[in-house]
Each structure stands twice: as structure tokens, then as C-alpha cells.
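Visitor: I'd like to understand where the labels on this picture come from. Can you take me through them?

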Amino acid sequence: MRQLNTELIQHRTANLYRTRHILSSPQGPDIIVDGRQMLTFCSNDYLGLAAAPQVIEAMQHGANEYGVGSGSSHLISGHYAPHQELEQALAAFLGRPRALLFSTGYMANIGVLTALLGSNDALFEDRLNHASLIDGGMLTTARFQRYPHVNLEILKRRLTRSAMERCIVATDGVFSMDGELAPLPELAELAAAHNAWLMVDDAHGFGVLGAKGTGTIEHFGLNVDQVPILMGTLGKAIGVFGAFVAGSEDLIETLIQKARSFIYTTALPPALAVATLEALRLVQAEPERREQLQARIAQFRSGALNMNLPLMDSITAIQPLIAGDTERAISWSKQLENKGILIPAIRPPTVPVNQARLRITLSASHTEEHIARLLEALSQLKIS
Ligand SMILES: *Cc1c(COP(=O)(O)O)cnc(C)c1O
């Protein structure tokens, strides 16, 4: 195994070595990281639900009622009443016939693509899609092509040329490292014109975008016929854990029969479903969380534009600052860390080469003062 050591040393020399911080407090702007109080701008807890008292209480109640482990997979004896209720609540919230829970978004994406596609089929994905969609594509026996980021011309050409039986076009709704929205209306039109099914991974839109908070599809005013396959996660804006796929009766029944990452894994603990039901209730009952988040995004963007920081074209909670090479991104992150602000550098292969960045994420739980502190720290960054 000496090779491994050599490879690790090379990895470290290339500034690509990754390590973990140790947290010892709940999610929130002020957390204890590696024993030190830090102000954070890197969580996906966009609505501040991960440590909301009502959600914590629901989880405790769920554990008292149902215990901790689910005991088995959904198809054996692990499908509890709160799982069923959560699937129905998700479907009702989204205005879709049905929803199906998966243990993680990663598993949902792999499950959908491998269940729906075979060797006579084709899959087209945006090059900047999340790793789980890409990995799902690599696991299918379908013909798998990645198109250049939001390049609809090239996608159109490839769809026109494709002679495969069934086609899926899969895209992130909000690109996870850029915060930018996918052009869903144009993608839906292209997919319809070529008889392809559009699949949207809305991990960063669900709970946040649209007047009701149902996500990117609501933001663009699209329906279930235009986007027949919707995947969303429950560990980001919803603040808990897990994921779902929502769509037609036939889609969900097919996934129950065929999605291996649904069939061959232990069901989520039922207490998590109880907690998620409460979080989903809060998403609907407290739109002020989304308004608060929008206000923080606006405050950050206007401050950053005044300072001529190189912002990306993002209306979402994800507001990256591109550093370029990994060394510079690490230096920025270190400088902020010295001021008590945690924003780890995001490096290849998570983002393309020469696009290392600080992926700043904002939350409804940030105050105006928190954003002001971040802007002040950014204004003192030594850029090179
Ligand atoms: C986080 C994320 C996933 C994976 O979801 P998990 O529940 O964390 O496994 C999938 N797609 C996108 C775009 C994500 O950001």
C-alpha cells in the first residue's frame, strides 16, 4: 500500500488535500468548529431549520413514538406511518400525484437513472450537474453524454441526432457551486420537442425558490408534464435528512419496483420523517424565512458590488467568489478563518480546474450584522 502514500503526498502538493472540521454545536451562523467559535457562511441550511426548536421537538417525539432504527427496507417492514404521511405531504406541497422517499439525494439520482434507462436509451446531462447525477449516468447502460454548461444549441443537435428509444435530459435546477438557475423553460421546450423526459435535481431550490417555496419549477411556472421527474433533498433548506422523487403515479410505482438504491437499503429512521413533516409545515407556515433570506442575499450582493467583488449571476443563497487557482482560494479561506469566519475553499474536482472558489452560502438565520461582518472581512482580503 506504499503507493497510496505516494499518491496522498502528490495530492497534498497539488493543494487538493481535504480534511474535516469538527463541529460541536448545532447548525447556525455561530458554531463551534475545532473548539473555536466561528461565524459560518458555508451551510446549506438556508432557512435555519436544522436546529429549529419545533423540528428538534418533533424528532424527539418521533423517537419516543417509533424508536430509532427503522429495522429494514421500505419493502420489507421499514415503511412507517410517518414515511407514508411525509410522501403524501410532499406530493400535496408540490402539486404532483406522488412522491417517494429515498435515504439521500445521491441515492435518489442513482436510483432514478438506473431504473428508467437501459441499453436502448440515452441520457443527456449538463456538464456542471452534481456528482450524483453524473455517477447515476455512469451506472446506467444507456448512452450517456454531457453537454457543455447550459449550451442548448449543442443539446438540441444531440437530441435531434439521437436514435435511442427513450431519452432523459437531466439538470440541476440551481447549479450547486454557482448558484445559477438552469434555463428550465427552454430545456422543457427542447425536451418536449424531442420526446425526451426532463429530470430536475432541485436540491438547492426546494424550500427556497418560488412564492410557496416549492422550488425552481414553481419559480419558472412549469408543471409536471413539462418536468415529469423532480428530485429534491431534505437535508438542505428543509434542514433534516433524506430526499424524494416526485412525479406521476406510474413513475413512482416504477421506482418502487426497480430503483435498486430504494429497494436494497434500510428505510430512514421514522423519527426523521416526523421531524421533516414539521420542517415542511414551517416552510409553508413561515414564509418570512424565505423573505429574510432574500433580504440577506440582497444586502450581500449590493455590498459586494460596491466593493467590485467578482460576483456570479446568482439570485440564490449560493454566492460564490471565484479565486481561480487553488492556492489563492485556500489563501482567501485562511485569511477569513483568521478573522473567525468559516468558508472552506472549493477546489477541483468539485469545480472545474482554475475555478477554485469560496462558495459563500447565506441563510435566513444570518443577521444583518453577520453579513456586514462578512463584507468587512472580504474588503480586507489580500486578493493575490
Ligand atoms: C447535495 C446534493 C445532492 C445530494 O443530496 P444528499 O441528500 O446530500 O445526498 C444531489 N444533488 C445536488 C445538486 C446536491 O447539491
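Visitor: What makes the pair between a backbone N or O atom of Tyr106 and an oxygen atom of the ligand a polar contact?

Guide: Keep in mind that this is a predicted model. In it, that Tyr106 backbone atom sits 3.0 Å from the ligand oxygen. A polar contact needs N or O atoms within 3.5 Å, so this pair counts.

Visitor: And which ligand atom does a polar side-chain atom of Asp201 pair up with?

Guide: A nitrogen atom, at 2.5 Å. Lys236 joins in too: one of its polar side-chain atoms is 2.6 Å from a ligand oxygen. With a cut-off of 3.5 Å, the Lys236 pair therefore passes as well.

Visitor: How much of the ligand does the protein bury?

Guide: The ligand exposes 380 Å² when taken alone, and the protein buries 82% of that. Helix H4 (105-116) and strand E8 (229-233) each give two or more residues to the surrounding shell. H4 gives the most, with three residues.

Visitor: Moving away from the ligand, which residues have the most contacts inside the largest nonpolar core?

Guide: Phe300 and Ile360, in a core of 82 residues. Helix H11 (residues 270-285) supplies the largest share, eight residues.

Visitor: Why do you say this core lies between domain 1 and domain 2?

Guide: Because both domain 1 (21-49 + 287-379) and domain 2 (53-285) give residues to this core.

Visitor: What does Ile360 touch, leaving out residues up to four places away in sequence?

Guide: Its partners include Phe41, Phe300, Ile343 and Leu378. There's also a second, separate core of 25 residues, with Phe102 and Val112 among them.

Note on methods: Residues numbered from 1 in each chain as written. Predicted model: local features only at pLDDT ≥ 70, side-chain atom pairs only at ≥ 80, totals over all residues. Heavy atoms only, no water. Core = buried A, V, L, I, M, F, W, Y, C linked by side-chain atoms within 4.5 Å. Buried < 20%, exposed > 50% of the residue type's maximum accessible area, 1.4 Å probe, protein only. Helix = DSSP H or I, 4+ residues; strand = E, 2+ residues; numbered from the N terminus. Domains from an automatic or database assignment. Contact = heavy atoms within 4.5 Å. Polar contact = N/O pair within 3.5 Å; in protein donor to acceptor, adjacent residues only side chain to side chain. Areas by Shrake-Rupley, 256 points an atom, 1.4 Å probe, with all protein chains shown as cover.
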